[in-house]
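Here is a friendly walk through one structure, taken a piece at a time. Keep the 3D view open and follow along.

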Amino acid sequence: MYSALSTIMLDTKKLWRDTLESIKVSVSPAIFSTWFSQTFLAKIEKQGTRFVIEVGCASPFIKTTIESRYFGMLQDSLVKSLEASCDLTFVVRQNPDKKTFEHTLDTPLFQKDDKEEINEAFLRTHIRPGFTFENFAVSSSNQMAHAAAEAVSNTPGSAYNPLFIWGGVGVGKTHLMLAIGYCLLAENPLAKILFVSGEEFTNGIVEGIRNKTTTAFRDKYRRLKALLIDDIQFIAGKDAVQEEFFHTFNALTNAGGQVIMTSDKPPSDISKLEERLKSRFEAGLIVDIAPPDFELRCAITQIKSKERGIELPMDLVQVIAANIDAARPIEGFLVKLASQARLRKTEISEDLVNSLIGKGAESIALKIRAKPLDVISAVAKHFSVGKKYLLGESRVRPIARPRQILMYLLRRELGLPLTEVGRLVGGRDHTTVMHAVEKITHLASEDVQIREDLLGIKNSL
Amino acid sequence: MKLEVLQENFSRALSTASRFASSRAQLPVLGNIYLSAKKNKLLVCSTNLEVSVAISIGAKVSSEGEITIPSRVISELVVNFTPGAIMLNSEKEILEISSSNTNSSVSGMNAVDFPEVPQSLGKTSYSFPKEALLQALSQVVFAASTDETRPILTGVLFLFKKGGLSLVATDGFRLSQKKLQDAGFHQEKKVILPKSALSELARIGIEEQDLKLSFREEDNQVVFGVGDTILSTRILEGDFPEFEKIIPKETNIKVSLDKDDLLRAVKLASVFARDSANIVRFSLKKDGVVIAAESQMAGRQESQVEAKVEGLPTGGFEISFNYRFLEEFLHAVSGGDVNIGLSNENAPGVFTDPSDVNFLHLIMPVRVQV
């Protein structure tokens, strides 16, 4: 699981590798491989000007030996790499990176039945595997929802009942809900759980009324231990469905069953939702998930690229996360990146990423439906620069930077051809536009201000 | 360091300690045995950084000190000394060993490089019923894997529950479980200990009287105390497979037969099974089991064992096992009879000893294409 990532955390592996390299020089190979090769950096914290570093050792013998004999050497080397004084503590722990996944035991006695059983459970409950808490990245925007979901998966039916998760498109509502389902199934593959969308629920009732099988429908839902409903807002405005859902809800919760719902709005904002349902929903916990922030998008990019077996260095991860602002487009981008790299038979490089981001608009759905002139006005307004100057000849930074941002937006968000962008921005050459797009793409991964400017302008459109 | 010690004691300590020293260590000092004279004790230690042993034996110490000596040299030397008192005298990095008629000097290494080895049980230790534990180990440890690619399966799970203790080991093809009713430890706890350390514990334990253990959480270690010997082992990290799930709750077919008859039949079959992937075929009949094996090169063999068979399907029933697993299980059974529970030819067979309800063994059948 990724918590908020900061640049220092990302470099711990490199820091430790560098430290070990320098120790390798000063001790004999036998000593190095016996005492140091299995150590790792367990924790690093900055306290004031000092770093507090916890070193993980595979066994207590290694711990006491390094502590008593090589402490000074290790500290000196770390001080040099960090350029700050540091305190060392030692802990006996296995290197988490080296842990093999024991539950993928592929032996006759263990794997087969287990897998069949759980696969069957997935089919029965409609829960899609692959959405787990482990691959859900957490940051401040979805921390609350994540914590609530974990609490529910630990004590279903009692922690928060119902749990109502709402948020915009692609923020991870359904992922969280499926993760709860996955967790419950992993604990007991025979658990009575059902995952349906609001629409499926509606269709079920309609079918039940038509075929006179409403009793079977009721039995199916009211005996569940947990009911997971995606996009509950679909039942709003459908009286018979709401009535049925109301009774199902009551029957379930009275029997100690857990209800989890997702929606794109909070219950109070869903129009044509019956008052009694609204009040039932509000009795549980309502959590919202905000769109992912930059750090979270970095983590998502890392998780998704790992899933697809793409090796991405951190600087590219940041470029991608800075320029694409939701989880699904990031996934789409990675697919495209991998297929391009395969087609061109090249390594994934910064150039490739930049060129794909530059013409991303073709593949990544347009989110802004604005006229080019609106964008120009929005940029001018955001930076308080006159349109005339913005499109004019001046090349001073306070004018040129907004102009580059303008070109980036026209190209990236509206998907205009390079020459057209050039024409709109005061008759400039298409190479100028290319340069501007690349420049902003790069800057966005490093500069918080640029990211905020971009977001502000997009929001104002 | 200068002291006098009895050859019998010293040699025994050295032979135990030499099994813990690592023979192929990159760091030479780990192939050594550490000797330290303090008060009226001689401490003999060795470690391979996974397990360690510290044995203290009585000695007449005239000057205290410490040294490390290559394990093979000193143990082979001392074992051939005539019984009685021998003198140890260390001068810098040379150890002189002498008795009334022999004199040898061995070059060793400075003791500062030797890692610190646990020499006591620590504050909180628990007494253990030794006989019961040793018997349990002999029934469980053999089922653990030797395959280092799945480290967790090379360990034995100790599952403490309200005064009782379950020992479980599996290599993915078979599983052995033994429950002990009273383990002297009354908390819920789960540790996985390496097979190698436990086999050593079983060897040391035979000679000594009482057995104690303590947990060192922060060092990720368990320390056993057997008489004057302190054995420490690391705890394997990871999750033990969920073995409870795979133990069949009920079996349709129940077979009970005489242990020695079965063992003889399995041994006979093994002569041919060795050539054909160790497969031994069991065919269940109304009043017995036909145990057969064949090899394309050597020939075939069949023997019938009398047995009580319940729940035999009308079409008969056949199942194949690896004879090694059967043999090892049968050696671990203490009673005279064996019960086998089967449900179908792809589900694990449940092997039990009717005289010992706490022992349970599962063996996965071999799938044979017909």
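## A starting point in helix 20

Let us begin with T441(A), a residue of helix 20 of chain A, which spans residues 430–446. The model is a predicted one, so please read everything below in that light.

Is T441(A) buried or exposed? With 24 other C-beta atoms within 10 Å, T441(A) is buried, since the cut-off for that class is 20 or more. Ten residues along the chain from T441(A) is R451(A), and the C-alpha atoms of the two are separated by 9.8 Å.

## Helix 16 against helix 21

R451(A) falls within the range of helix 21 of chain A, residues 448–460. The axis of helix 21 of chain A comes within 10 Å of that of helix 16 (residues 372–382) of chain A, and the two cross at roughly 130°. At that angle helix 16 of chain A counts as oblique to helix 21 of chain A, and the crossing is right-handed.

Which residues make this contact? Helix 16 of chain A brings A378(A), V379(A) and H382(A), while helix 21 of chain A answers with D453(A), G456(A), I457(A) and S460(A). Sorted by class, the contact of these two helices has three nonpolar, three polar and one charged residues.

## The chain as a whole

Stepping back, chain A contains 21 helices and eight strands. Of its 461 residues, 36% are buried. Take the contacts in chain A between residues at least 6 apart in sequence: 72% of these join residues at least 24 apart.

## A parallel sheet

Next, the strands. Five strands of chain A form an open sheet in the order 5-6-7-4-8, with parallel pairing. Strand 5 (193–197) and strand 8 (285–289) of chain A each have a single partner strand, so they stand at the edges and one side of each is left without a neighbour in the sheet. On average, and with direction ignored, neighbouring strands of this sheet are turned by 15° against each other.

At one of these edges, strand 5 of chain A pairs with strand 6 (residues 226–230) of chain A over five bridges, in the parallel sense. To find the pairing in the view, look for I193(A), whose bridge partner in strand 6 of chain A is A226(A).

## Helix 8, between sheet and helix

Helix 8 of chain A lies across strand 5 and strand 6 of chain A, and runs at about 95° to strand 5 of chain A. Helix 8 (residues 198–211) of chain A also packs with helix 10 (residues 239–254) of chain A, at an angle of about 100° and with the axes 10 Å apart. These two helices are therefore roughly perpendicular to each other.

From helix 8 of chain A, the residues F201(A), T202(A) and I205(A) meet A240(A), V241(A), E244(A) and F245(A) of helix 10 of chain A. By class, this contact of helix 8 with helix 10 of chain A has five nonpolar, one polar and one charged residues.

## Meeting chain B

Finally, how many residues does each chain give to the contact between chain A and chain B? Chain A gives 22 residues and chain B gives 27. On the side of chain A, the elements that supply two or more residues are helix 3 (29–36), helix 4 (60–82) and helix 5 (111–125).

Helix 4 of chain A has the largest share of that side, with five residues. The residues of chain A that touch chain B divide into ten nonpolar, eight polar and four charged.

Conventions: Residues are numbered from 1 along each chain as its sequence is written. Chains are lettered from A and ligands numbered from 1 in the order in which they are written. This is a predicted model: local features need pLDDT of at least 70, side-chain atom pairs count only at pLDDT 80 or more; totals for chains, interfaces and linings use all residues. Helices (H or I, at least four residues) and strands (E, at least two) are DSSP runs, numbered from the N terminus. A residue is buried if 20 or more other C-beta atoms lie within 10 Å of its own, exposed if 12 or fewer, and partly exposed in between; C-beta atoms are placed from the backbone. Two residues are in contact if their C-beta atoms, placed from the backbone, lie within 7 Å. Axes are lines fitted to C-alpha atoms, for helices over the stretch in contact, and angles run from 0 to 180 degrees between N-to-C directions. Angles under 35 degrees count as roughly parallel, over 145 as roughly antiparallel, 65 to 115 as roughly perpendicular and the rest as oblique. Ala, Val, Leu, Ile, Met, Phe, Trp, Tyr, Cys and Pro count as nonpolar, Asp, Glu, Lys and Arg as charged, and the others, Gly among them, as polar. Two strands pair if DSSP finds at least two bridges between them. A crossing is left-handed if the near helix is turned anticlockwise from the far one by less than a right angle, and right-handed if clockwise.
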